[in-house]
Amino acid sequence: MQAAHDMLFVGADVASWDHVDFPGVVPRTFLAPAAAAALAAPAVALLRAFSVSKLAAGVAVRVALACMGIAALSRLRGAVARTAGARAGAFFMLLSALQFHLPFYLSRPLPNTFAMVLTSLAAADWLDGSAPARALALLAATTAAVRCDVLLLAGCVGLHVLITRAVPLKRAIAVSLAAGLGAAAASVAVDSLLWRRAVWPEGAVFWFNTAENKSSAWGTSPWHWYASSALPRALLGGLPAALAGAALPPARPPLAAAAGFAALYSALPHKELRFLLPVLPLFNVAAAMALAAAWRRRGVAGKGLAAFALAATATAAAGFAAAAARNYPGGVALMRLHALAAGDASAHPHAWPPRAHVGAFAAMTGVTRFGEAGPPWRYSKEEGLRDDALAGRGFTHLLSGAATVPGFDAVEAVHAFAGLDAPRSPGAALARLRKRGVWRLVGFRSAPAVWVHRRAGPRDEA
């Protein structure tokens, strides 16, 4: 997101780009965000001409990426329809739209999302048999330039292509090498220029995650976590349907490739749901074929099961969405900071001109450069600073995960999702049912998550 901002608003002054001061743990390619920024550029230019807030430009970038994802999924839907019928294609799009995580990530400019766009296009070429060699090339290019873990999916798809003799071995190797080396070369050329050092981002990521296994520092999960936690939440009602797809010959290849990817990825201790994004559409393909078969062959019962799977998916996704809407206190806090500091020049001259420090938690929960105000505001995301050292660094405002920071006054707390608010006994459930009704039997708890701080004045410090 920061890269897209800098391409659109900073331009050729690479020294002022966000990644120069805040490079992150591992380098990532600029090729992917460049695609979203280029697609959004006409809309952003129009917004800038009318002096619309930069937040709208951020929305434009996300809409552009979502359009790329929808186009890729639509092409995959066409392949499903040609392979298993129009009804299966319709169920694929319904599942994809009604689930929570796939639409949620569809507009988030993460490497996983960009990879999902490309792997969906590759899946379309592979599943309908129209261009299996091109599918291998797309997967190889995605592995080399966007997400190195797509190598696992490329291996699963490549194995099927070779077993079915859809592409001769020599040609499969040739097209994969050509596409992979070409994408790697493009990445090295562009990313070395923008990172201002020789670098192949996905090579560095691969080494970091596998050879060094440093990703484990960000948490580990048991080997079964993808199967026992991530996939049930991501697929919802599509999971049992996808498993049922194992009984249908057309559904077996996409199901086997997706399950193989998840199984192989389970060997890495650090796990996140977003790592499965490239194969979620493949699970949905298998699920859609199973739902279409149930609708066609099982009469009223089959239609009822299919309708129930879709309804259960939509209901669960609505709950996830309601919780997720409360999960970005950092972005809300940044907007509140600007509103609260609007009169600081006169009312709090000791906190002007403003220099804000954005804590790590706030930076991870919605703060982007699209939300920043112009001069005289300056921002820092410097990490590793102790709370008692912030006052001495010249900051006038903070977005902090701490309620109390020496030398600063907390002026507002922004709440975030803190769990479900469910009755703890049958009696409590009946009482809440009578008072609130069935639709508010279960609610959401919130708790302060990010505090907006202003530098304390001389009188306060005394």
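In which helix does Leu-177 lie? Leu-177 lies in helix 10, and this helix is a useful place to begin a careful reading of the structure, which is a predicted model.

**A nonpolar patch on the surface**

Together with Leu-162, Leu-169, Ile-173 and Leu-181, the residue Leu-177 forms a nonpolar patch on the surface, and the accessible area of these residues together is about 480 Å². Helix 10, which runs through residues 169-195, provides the largest share of this patch, namely four residues.

**The largest cavity**

Empty space can also be found by calculation, since rolling a probe the size of a water molecule over the atoms shows where such space is left. In this model there is one cavity of 30 Å³ or more, and the volume of the largest cavity is about 70 Å³. Four helices each give two or more residues to the lining of the largest cavity, and these are helix 7 (111-127), helix 8 (132-145), helix 9 (150-163) and helix 15 (280-297). Helix 7 contributes the largest share of that lining, with four residues. Among the residues that line the largest cavity are Thr-119, Trp-126, Leu-139, Val-157 and Pro-281. When the lining of the largest cavity is sorted by class, ten residues are nonpolar and one is polar, while no charged residues are present.

**The second largest pocket**

The second largest pocket holds about 510 Å³ of space. Its lining is made of 22 residues, of which Arg-369, Glu-372, Arg-378, Tyr-379 and Ser-380 are the closest to the centre of the pocket. Which elements supply at least two residues each to the lining of the second largest pocket? They are helix 1 (2-10), helix 2 (18-21), strand 1 (355-358) and strand 2 (378-380). Strand 2 gives the most to this lining, with three residues. By class, the lining of the second largest pocket has eight nonpolar, six polar and eight charged residues.

**Details of the backbone**

Two peptide bonds of the cis form can be described next, and each of them leads into a proline that sits in a loop. The bond from Trp-352 to Pro-353 is cis, with omega near 0 degrees, and Pro-353 has its place in the loop between helix 18 (344-347) and strand 1. Another cis peptide bond joins Pro-375 and Pro-376, with an omega of about 10 degrees, and Pro-376 is found in the loop between helix 19 (360-364) and strand 2.

The table sets out two residues by their phi angle and their place in the chain.

| Residue | Phi | Place |
|---|---|---|
| Ser-51 | about 55 degrees | loop between helix 3 (31-49) and helix 4 (54-84) |
| Arg-165 | about 60 degrees | loop between helix 9 and helix 10 |

Ser-51 has a positive phi although it is not a glycine, and Arg-165 likewise has a positive phi without being a glycine. Are these residues buried or exposed? Ser-51 counts as exposed because its relative accessibility is 67%, which is over the cut-off of 50%. Arg-165 also counts as exposed, because its relative accessibility is 75%, and the cut-off of 50% applies here too.

How values were computed: Residues are numbered from 1 along each chain as its sequence is written. This is a predicted model: local features need pLDDT of at least 70, side-chain atom pairs count only at pLDDT 80 or more; totals for chains, interfaces and linings use all residues. Side-chain values use heavy atoms; hydrogens and water are left out. On a 1 Å grid over the protein atoms alone, a cavity is a set of points where a 1.4 Å probe fits but cannot get out, and a pocket is an open set with protein on both sides within 12 Å along at least five of seven lines; lining residues have an atom within 4 Å of a point. Grid points are joined across faces, edges and corners, and a volume is the space filled by probe spheres set on the points. Ala, Val, Leu, Ile, Met, Phe, Trp, Tyr, Cys and Pro count as nonpolar, Asp, Glu, Lys and Arg as charged, and the others, Gly among them, as polar. Patches are made of residues with over 30% relative accessible area and no salt bridge: like charges are joined within 9 Å, nonpolar side chains (Val, Leu, Ile, Met, Phe, Trp, Tyr) within 5 Å. Accessible areas come from the Shrake-Rupley method with a 1.4 Å probe; for residues, only the protein chains shown count as cover. A salt bridge is a side-chain nitrogen of Lys or Arg within 4 Å of a carboxyl oxygen of Asp or Glu. Buried means under 20% relative accessible area, exposed over 50%, partly exposed in between (1.4 Å probe, protein chains only).
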